[in-house]
Amino acid sequence: MDRPPAFDEVRMQAWKILRQVEDSRTFADLSLDRTFAKNPHWRPLDRAFILELVLGTLRWRGRIDLAIHLASKYPEKNINSQLIQLLRLGGYQILFLDRVPDSAAVNESVRLAKAIFKNEKMSAFVNAVLRAIARKKNQEVFPPFTSHPIEYITQALSHPRWMVEGWVKEFGPEMTQKICAANNLRPPFTVRVNTLKISREALREKLHAAGIDSFPTPFSPEGLILKKSPFLAEDELFQKGMYFVQDEASQIIAHLLDPRPGERVLDACAAPGGKSTHLAQLMEDRGEIIALDLHRPKVEVIQENCRRLGISTIQTFQTDAIQPLPLPAQFIFDRILIDAPCTGLGILHRNPEVKWRRKPQDARRLQGLQMALLENVCSRLKTEGILVYSTCTMTREENDSVVEAFLGRHKDFQVEDLRFIVPESWQPLVDEKGFLRTYPEMIILRGNYRLDGFFAARMKKGI
């Protein structure tokens, strides 16, 4: 018989996931998926509470750590990893969850501390710190935004100071404030309809019959925004390959490459296969798509997604795309997509742990990899072929600078201005250089519908 977990079991699982994210550098969404798959008897309410605890604690970690420091006199770096995760979990409930009484947040955290540490001093410390946070939570004071924008955004909106400094320099304080505020909101649950199996309207009707309302995405012709997220392991429509979970900004990238049925296409950094399978859809599963990824488990994920979606034209290779490709020299492509590894700073609302992992030097390090990818695969593009370079980050260092440096060395490539290529309704997403730019602070529709932060440049190879 199905049984719901006790609330302390839910909090215990949330604490374990936070530890995995911190100690093993696991992505929170993967750890959450594994936990839910092992506990299929949990109620939707319990899964939703764990999601809230884990992602909320990661989003607001900086502000919670400041409260812990003020309550305990110890900076978070001087508190051991197990204990700091428990304090953050309790602190999040006190500072941000109105429906959890402070007393419940403190008492449940102390119960967890006793179960985990079996040490009275540790549980007493948890009790003292969290009660102090509860007493002081209405006394939070931040530097004024007008005179100290970097300090205000760093503290009040919970982002690393180096990140805020860089964004203020590039985007200005007002836009940085909006981006950081958007990063702390829940992202929409957006899917791409598998038009090889079902139309968008037909899927809407099936979702509605299953109790999930949805509305079409404003840009992608295959997208739907679901008003609540299904449990994918139990959702028959997902398991039958009727849709793929993918943000709308990511869906736009395949349209920029504009592949045609019968063509040969390279996706040089393909895992988990969202864009590869979208390309196959646009090609009506006719032609040839070569999908590369460095890691075997990720290649297997692409293969599994192809099976679920019923796609047969994708061939996968486990290979490093900055090394010679495992293909004959005469093997050239009509179109190439490089969705490059990047800092991922455009999707912090989905992966909030990333903002605490990144370092100031990461963008420069990844810029070298991005350049190497372009250099290695560009010779595989046929004359008059199309190359799209994209990232899920927003700054010039990983975007404009990479494209400009590549074009400086390859005079046979030219940027195609997307303003003359995309539909009129997409024009707000294209800048004066003809590049696609989306930001998480862009409010697309009434309400809180937002896109991930993406960049894309389309280039054509001349004679």
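User: In what order do the four strands form the open sheet?

Analyst: Good place to start! This is a predicted model, and in it four strands build an open sheet with antiparallel pairing. Reading across the sheet, the order is β2-β3-β1-β4.

User: Which strands stand at the edges, each with a single partner strand?

Analyst: A strand with a single partner has one side left without a neighbour in the sheet, so that is the sign to look for. The two that fit are β2 (214-216) and β4 (243-245).

User: How much does the twist average from one strand to the next?

Analyst: Picture stepping across the sheet, strand by strand. From one strand to the next, the twist averages 35°.

User: Which residue in β3 does proline 216 stand opposite?

Analyst: Let's look at the pair first: β2 and β3 (residues 223-226) are joined in the antiparallel sense over three bridges. Within β3, the residue opposite proline 216 is leucine 224.

User: Which helix lies across β1 and β4?

Analyst: Look for a helix crossing β1 (189-193) as well as β4. Its direction is at about 150° to β4, and it spans residues 296-309. That helix is α15.

User: Which element gives the most to the lining of the second largest pocket?

Analyst: This pocket holds about 650 Å³ of space. Its lining has 27 residues, and those closest to its centre are Arg61, Gly62, Asp65, Glu76 and Trp356. Elements giving two or more residues include α1 (7-23), α4 (61-72) and α16 (354-357). With six residues, the top contributor is α4.

User: How many charged residues are in that pocket's lining?

Analyst: Sort the lining by class: seven residues are nonpolar and six are polar. The charged ones number 14.

Definitions and conventions: Residues numbered from 1 in each chain as written. Predicted model: local features only at pLDDT ≥ 70, side-chain atom pairs only at ≥ 80, totals over all residues. Heavy atoms only, no water. Pairing = 2+ DSSP bridges. Axes fitted to C-alpha atoms, helices over the stretch in contact; angles between N-to-C directions. Contact = heavy atoms within 4.5 Å. 1 Å grid on protein atoms, 1.4 Å probe; cavity = no way out; pocket = protein on both sides within 12 Å on 5 of 7 lines; lining within 4 Å. Points joined across faces, edges and corners; volume = space filled by probe spheres on them. Nonpolar A, V, L, I, M, F, W, Y, C, P; charged D, E, K, R; others polar.
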